[in-house]
Amino acid sequence: MGGNSVTVLSQLSAKAMKDFIIFIQDFNSFVIRTNTCGELRSAHVGQEVTLYGWIQYQRQGLFLVLRDFQGLTQIILPQDEAHSHVKKLLSNAPVESVVRVTGIVSSRPPGQENPKMPTGDIEVKAETAEILNSCKKLPFEIKDFIKKSEALRMQYRYLDLRSFQLQYNLRLRSHVVMRMREYLCNLHGFVDVETPTLFKRTPGGAKEFLVPSREVGKFYSLPQSPQQFKQLLMVGGLDRYFQVARCYRDEGSRPDRQPEFTQIDIEMSFVDQAGIQRLIEGLLQYCWPEERGPIMTPFPSMTYKEALADYGTDKPDTRFGMKIVDISDFLRRLDIQFVQNALSYPHGTVRAICIPQGVRYLKNKDLESLKESAKSKFNQEIMEIICRPDGSLKSLLTKFLGEKQQSELIQVLNMQVDDVVLLAAGEHKQVCSALGSLRLESADLLEAAGLVLRDPTAFHFLWVVDFPLFLPKEENPNELESAHHPFTAPHPSDTSLLYSDPTKARSQHYDLVLNGSEVGGGSIRIHSAEQQRFVLEKVLKEDSEVLSHLLEALEFGAPPHGGIALGLDRLISLIVDAPSIRDVIAFPKSFRGRDLMGNAPDYVTPEELEPYHIQVSWPLAERGKEKL
């Protein structure tokens, strides 16, 4: 392609580049097997092959099933006297033992083919075999359909990894990351840079893990993201940075959170929000697994205010309806005391969600559970309205409504027979948040009862934009904290509000949502040292000295820049429909953040702590464990 190859490649579309680079994977290079257990077909009949793998299944000394990472092959045990030692060896080997089998590929007898197996047309007649490593009694069977406790899976993770589902998840993850590297580095000139793991505390944001140093009283922090480094790389003129970055947060684990996790971290100079969004849409299209179907771009976009008003959350699941409906104007003209009380407050509202076929699919205990959930989580009272078969309404509200007004309310809420409406009145954010939570809980209940609302094969991406720049602190509403992080630039239209009324300023922060889960977040950054210092010192009341290196860097000709980070673990878990990100991580931590396999974290001796000038102050009940 000559000297213009970079230019030509950069002009290829994502699809064209995808077709341009074709790799033929050779799984048998450099190893002593001839084939994998998943590749033999009728075309191999008559060939002598050598397979290596684990014994998955045995049957009465007649045959066994051999498994490796790629699939299964049926091995026929010899029945003649000359090969009796081979039969005895393989028949007596425990399940999950590692063996070598050499034999001849044969067609299965007519009627014994297995169409459910890719290798189901053939079998291998064993001639020689060797037990490479015998397996002791297993703590659980290595089968995907066998239920195992998560604690047991974590303790024996190396066995759990043998399951087809985890093998598939990790290989798909590897493939997606490889495709991302191709798109970013080969197509668009990004530079893959590794940033330090040992750094210093970052003000605001999540709690960080501390690492002791040999200097008295001084500690490193494990970064919750490479945020400062990627901005400094832009100051350094790298222009386009990318990293598969390991990140750390000292928080309790949740189904979608781990103390250590992986981000696809990206930063660019001379870019705006639209440019970042186009990049990510192209990236995801390029790396998206073909078996999951195509994804359409551009992704739809929604403001933070719209998301909260319509879905009660900043990460809406748009695969189904049940949007929040504002009925304040309809009820405002009625003399209903609790409604008038709610609407008299600043930001007062009355809103509702309509649960389709709720009478048919939900029981009374389900409705009570929903109301109790809103009360316990949001301190929000909920009133239910039921549409009877004759079209009339059943609710405490109906005693305030005439027949005409009931009919109007049915129209406003678009109710059908057997629908159930949940109504809430109060402060706008509290009401919307409560109804947004009930919307998701109701969907779970409806689907558990057999009504499909969310297509498990659908992938609905959504950009959420125009977030507030700052939010009141939960512990002290009179103080502000960054809605994203302190390096986020204000919306161009709201720059003056940063100085006059920062609570009203919008940010250039954007989140990427997939099926109701946040899979990415980023922003255009502050590139002015003066503005960054104002945000830290005047708005957030932080000690800017902690970030003196970054503030100084911004004074040396920092370019306008912005970026994003995609949560790789969460993205892959959604692609494979895993119940937890732990199912797409090779060695995850438990729900409590522990490594149950290696028993970490663990105690260390006082002698090991001495160089770090640390002494452990043991609680009285724990003093006996100090010697462990």
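Why does methionine 597 count as partly exposed? Its relative accessibility is 33%, and partly exposed covers the range between under 20% for buried and over 50% for exposed. The structure discussed here is a predicted model.

## Surroundings of methionine 597

Methionine 597 sits in a loop, the one between helix 19 (568-575) and helix 20 (606-609). Together with Tyr158 and Phe587, Met597 makes a nonpolar surface patch of about 300 Å².

Met597 also takes part in lining a cavity. The structure holds one cavity of 30 Å³ or more, and the space in the largest cavity is about 50 Å³. Its lining consists of Met154, Arg157, Phe587, Pro588, Arg594, Asp595, Leu596 and Met597. Phe587 is thus named both in the patch and in the cavity lining.

## The eight-stranded sheet

Eight strands form an open sheet with mixed pairing, in the order 6-9-10-22-21-20-17-11. The edges are strand 6 (191-192) and strand 11 (301-303); each has a single partner strand, so one side of each is left without a neighbour in the sheet.

Toward the strand 11 end of that order come strands 20 and 17. Strand 17 (residues 461-465) and strand 20 (residues 509-514) run antiparallel and are joined by four bridges. Within this pair, valine 464 has aspartate 511 of strand 20 as its bridge partner.

## Strand 10 and its two neighbours

Strand 10 (residues 260-269) stands between strands 9 and 22 in the sheet order. Nine of the 10 residues of strand 10 are buried, so the strand is mostly covered.

On one side, strand 10 pairs with strand 9 (residues 240-248) in the antiparallel sense, over nine bridges. Valine 244 has isoleucine 264 in strand 10 as its bridge partner. On the other side, the pairing with strand 22 (residues 561-567) is likewise antiparallel, over seven bridges. There, serine 269 is bridged to histidine 561 in strand 22.

## Alanine 529

Where does alanine 529 lie? Alanine 529 belongs to helix 17, which spans residues 529-539. Alanine 529 counts as buried because its relative accessibility is 7%, and the cut-off for buried is under 20%.

A contact distant in sequence involves this residue: the C-alpha atoms of alanine 529 and glutamate 555 are separated by 5.8 Å, although the two residues are 26 residues apart along the chain.

Conventions. Residues numbered from 1 in each chain as written. Predicted model: local features only at pLDDT ≥ 70, side-chain atom pairs only at ≥ 80, totals over all residues. Heavy atoms only, no water. Buried < 20%, exposed > 50% of the residue type's maximum accessible area, 1.4 Å probe, protein only. Helix = DSSP H or I, 4+ residues; strand = E, 2+ residues; numbered from the N terminus. Pairing = 2+ DSSP bridges. Patch = residues over 30% accessible without salt bridge, like charges linked within 9 Å, V, L, I, M, F, W, Y side chains within 5 Å. Areas by Shrake-Rupley, 256 points an atom, 1.4 Å probe, with all protein chains shown as cover. Salt bridge = Lys/Arg side-chain N within 4 Å of Asp/Glu carboxyl O. 1 Å grid on protein atoms, 1.4 Å probe; cavity = no way out; pocket = protein on both sides within 12 Å on 5 of 7 lines; lining within 4 Å. Points joined across faces, edges and corners; volume = space filled by probe spheres on them.
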